[in-house]
Amino acid sequence: MSFQIGDRVIAEYKTGVYYGEVVEMTSSMKAAVRILAVKDHPTQGDLHNPMDPSVAFFHQRRALSHQEIALMPIATIRPYAGEVPDYQVSLKRALLAQIDKLSDMEAWARRSLQELDQLSKEYFPPSN
């Protein structure tokens, strides 16, 4: 895909997704993108060991800043023609969406553990 300077895009950077604007085509493989808003907040933790809180280094990943320019592979960029939300509003929405998703997963995990505990008792009743 070919992009021009000034094109509005949605771009993935590491584990975050952003609304941005192409400011430079650095090569046929990469473009410099100015961050305008946050679509999806970056994932926390070790990407090589997902869902493992006990890794040696649990990464805290911040969203890219408003107007920050990041070099992104062309394969992670796609055209965007919609309205770009306000950066602060988008950052808050993206952060709260990730918190909600993780809270739902936490609630699901607690409920699953309850059900598995019950099944364990049924599968392996205490012997008298």
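I began at the surface, where L113, L116, L119, Y123 and F124 make a nonpolar patch of about 580 Å²; for such a patch I counted residues with over 30% relative accessible area and no salt bridge, their nonpolar side chains joined within 5 Å. This is a predicted model, in which I took local features at pLDDT of at least 70 and side-chain atom pairs at pLDDT 80 or more, while totals for chains, interfaces and linings use all residues. Residues are numbered from 1 along each chain, and side-chain values use heavy atoms, without hydrogens and water.

I then placed L116 in helix α1, residues 87-123, a helix being a DSSP run (H or I) of at least four residues. L116 counts as exposed because its relative accessibility is 51%, the classes being buried under 20%, exposed over 50% and partly exposed in between, with a 1.4 Å probe.

Next I checked the span of α1, whose 37 residues should cover 54 Å at 1.5 Å a residue, and the end C-alpha atoms, 53 Å apart, agree with this; the expected span is 1.5 Å times one less than the number of residues.

Which residues of α1 are buried? I found Y87, S90, A94 and Q98, and the cover over the buried residues of α1 includes β3 (30-40). At the start of α1, I noted a side-chain oxygen of D86 within 3.1 Å of the backbone nitrogen of Q88.

Last, I looked at the loop between β3 and β4 (69-73), which holds M51, a residue other than glycine with a positive phi near 65°. M51 counts as exposed, because its relative accessibility is 70%.

Notes: Patch = residues over 30% accessible without salt bridge, like charges linked within 9 Å, V, L, I, M, F, W, Y side chains within 5 Å. Areas by Shrake-Rupley, 256 points an atom, 1.4 Å probe, with all protein chains shown as cover. Salt bridge = Lys/Arg side-chain N within 4 Å of Asp/Glu carboxyl O. Helix = DSSP H or I, 4+ residues; strand = E, 2+ residues; numbered from the N terminus. Contact = heavy atoms within 4.5 Å. Polar contact = N/O pair within 3.5 Å; in protein donor to acceptor, adjacent residues only side chain to side chain.
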